[in-house]
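Let's look at how a few labels on a protein model are earned. Each answer sets a value against its rule.

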Amino acid sequence: PSFPVWNNGVIGFGNLGIVLWIMQDPGGTRNVAMQELHERALEKLLPLVDGDCNFSPNEWSHDSFEAHLTIAMADIQPQLFDEILEFCQSLAPIGPERFTAERLHLYAFESADWHGAWGDTLTWRLIDSWPLSTIE
């Protein structure tokens, strides 16, 4: 079923990306419905991941999963990261305070160089989308 998602604001993921963090409710508790959806998706998708993929086995998953909406990633010049993060945070709030998760989208990401400058050739496409009400 659909579930509420709260906008926890703009944060930096290390110095690699700038995201809108959506993992907690206003009281600071992890969004249990988001975590459960993550676990169910991993269970179905990880068996399909190619064995030489250096991304999926190392991504934040299970207890270290942090739901987010990416604002900028892989294309930020390191010397500009702090300035860009500060700028994004100054625009707060970005997006609504709360919204309802209603669909699950499956995307395919491809790059000519996953072990190097993957962001330079990154492409993505929507494979499918399902209403959360139809996912068991």
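**Labels and their rules**

Q: Why is Trp124 called exposed?
A: Exposed means over 50% relative accessible area, buried under 20%, and partly exposed in between (1.4 Å probe, protein chains only). Trp124 has 57% relative accessibility, so Trp124 counts as exposed. Trp124 lies in strand S7; strands are DSSP runs of E with at least two residues, helices runs of H or I with at least four, numbered from the N terminus.

This is a predicted model: local features need pLDDT of at least 70, side-chain atom pairs count only at pLDDT 80 or more, and totals for chains, interfaces and linings use all residues. Residues are numbered from 1 along each chain as its sequence is written, and side-chain values use heavy atoms, leaving out hydrogens and water.

Q: What makes the contact of Glu66 and Arg30 a salt bridge?
A: The rule asks for a side-chain nitrogen of Lys or Arg within 4 Å of a carboxyl oxygen of Asp or Glu. Glu66 and Arg30 meet at 3.5 Å, N to O, so the rule is met. Glu66 lies in the loop between helix H1 (32–45) and strand S4 (68–73). Arg30 lies in the loop between strand S3 (17–21) and H1, so the pair ties together parts that are 36 residues apart in sequence.

Q: Why is Arg30 called partly exposed?
A: Its relative accessible area is 30%. That value falls between the buried and exposed limits, so the label fits.

Q: How do you know that Glu110 and Arg125 form a salt bridge?
A: Their side chains meet at 3.7 Å, N to O. Glu110 is in strand S6 and Arg125 in strand S7, 15 residues apart. By this rule the count comes to two salt bridges.
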